[in-house]
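Work through the exercises below with the structure in view, trying each task before reading the solution that follows.

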Amino acid sequence: MWWEKKSRGAGPQDEKDASLTVVSSHPSASLADPAPRNVEMPTANYNHTVIGRSMVLHGELSGKEDLLIEGQFAGTINLPENCVTVGAGGEVKAEVRARQVIVQGAVTGNISAGEKIEIRKTGHVVGDLVAAAIAIEDGAFFKGSIDIVREQAHHAAAAAASQPVLRELE
Amino acid sequence: MMRPQTHQHAPHRSTGAGSTPGHSSPALEWIWKYLSDLPSPRIMDCGPVSQATVDVLVRRGAKIHVADLITPLLRDEAQFWDRRGKIASFRTDFFLSQLLPIAPESLTGIFAWNLFDLLPHEAHAQVAARWFSFLRPGGLLFCIVREPRLEKGSETTWWLENLTTLGSGREGTKAFAYAVVTNREVERLAPGASVKTFLTRSGRREVVVVIQGDSTTGQN
């Protein structure tokens, strides 16, 4: 992915930071509970990607991997089949669309999740939430609207959105 | 016709060390009966975001807007005060800028909780006017104001344990900074509106201000 290349092309300091961000976990592990900071974990083939603390990225992000953001990201995130976790140090200014979104850091922008949005106690969210389920811990900051939609409706909306593209392909 | 849902749900914020047992709210009972014909009321919650409140309102079918105005006031954030003069003045415009962008006449109800007790009186009229501009005809404002005998507990926070039961944090020890908000003051804030005051045993009055009009018009 373009932003992976960007991070690899960074200077020595960034390489050092990047090494911290290669947090590939055991397949059974979940991004819902990201590893403590400064703990380097062994690389594995589990499909998730980390934007490290020193990374500042702008643009459109899409794919089929879970994502942990510990750095800064601005733009749009579209991972409808995956989990996006904004770590405690993460700062995101983006429209986020994912299967599941967990916020421990700061997000400014609307969040849409097919399954669940969780705002942990350290989380700070300003934007509208649309999901099948929402969990907000005491102490979290949230400003915005909450819309609970059934997953079926969410899929229907997603399907409707993709319809023109399918027609074009045909 | 949709009946008010009054069944009990297990509260997420249980009545443990940091909270007092929930108590039945006559104002909430009145509110949900009043809104019984509305399948999807639009409610703005001006308190700290609470999972329990969100769950209760979602089960009721509500569309929820959360704009926590209480937490910054409890912290007495310096940013709300202009201290350039001899007497500090409350920056009401700046305070209101913390609100979400909400379309005029788009909300069914506003849960202001104890916000009036935390605001200087000179800010009440402007804040109330802004809130009322958000309400549809027939929309309502729900707030909790202290009785004169209650001198401490300004930091107490509130949430919904179920549709008709209020949960609250442990009664605080911090003194109220401003004088009691009287019923007459509330009536003056909403000329032409219907003001209903419910007495409780908690040392607080529950107040519902209903804007003129039919609450069922223009609902989504």
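**Exercise 1.** Determine how many residues of chain B are in contact with how many residues of chain A, and describe the area buried between the two chains.

Solution. In this predicted model, 13 residues of chain B are in contact with 13 residues of chain A. The next step is to turn from residues to area, since the size of an interface is often given as the accessible area lost when the parts come together. Between chain B and chain A about 1200 Å² is buried, and carbon and sulfur atoms give 57% of that area. On the side of chain B, V49(B), Q51(B) and K63(B) supply 39% of the area buried against chain A, which is more than any other three residues supply.

**Exercise 2.** Find the salt bridge and count the polar contacts between chain B and chain A, then state which elements of chain B take part in the touching side.

Solution. Begin with the charged pairs: the count between the two chains is one salt bridge, and K63(B) forms a salt bridge with D147(A) in which the closest N and O atoms are 3.8 Å apart. Next, five residue pairs are in polar contact between chain B and chain A. The elements giving two or more residues to the side of chain B that touches chain A are α2 (51-59) and β3 (63-67) of chain B, and β3(B) gives the most, with five residues. Sorted by class, that side of chain B has seven nonpolar, three polar and three charged residues.

**Exercise 3.** Decide whether E147(B) and R205(B), which form a salt bridge, are buried or exposed, and locate both residues in chain B.

Solution. The closest N and O atoms of E147(B) and R205(B) are 3.4 Å apart. This pair links distant parts of the chain, 58 residues apart, with E147(B) in the loop between β7 (135-146) and β8 (158-162) and R205(B) in strand β11 (residues 204-210). Because buried means under 20% relative accessible area, E147(B) is buried at 18%, and R205(B) is buried at 5%.

**Exercise 4.** Describe the surroundings of the salt bridge between E118(A) and R120(A), and set them against R84(B) in its own salt bridge.

Solution. In chain A, the closest N and O atoms of E118(A) and R120(A) are 2.9 Å apart. E118(A) has a relative accessible area of 14% and is therefore buried, and R120(A), with a relative accessibility of 14%, likewise counts as buried. In chain B, the side chains of D82(B) and R84(B) meet in a salt bridge at 2.7 Å, N to O, but R84(B) is exposed, with a relative accessible area of 76%.

Notes: Residues numbered from 1 in each chain as written. Chains lettered and ligands numbered in written order. Predicted model: local features only at pLDDT ≥ 70, side-chain atom pairs only at ≥ 80, totals over all residues. Heavy atoms only, no water. Salt bridge = Lys/Arg side-chain N within 4 Å of Asp/Glu carboxyl O. Buried < 20%, exposed > 50% of the residue type's maximum accessible area, 1.4 Å probe, protein only. Helix = DSSP H or I, 4+ residues; strand = E, 2+ residues; numbered from the N terminus. Contact = heavy atoms within 4.5 Å. Buried area = accessible area lost by both parts, 1.4 Å probe. Polar contact = N/O pair within 3.5 Å; in protein donor to acceptor, adjacent residues only side chain to side chain. Nonpolar A, V, L, I, M, F, W, Y, C, P; charged D, E, K, R; others polar.
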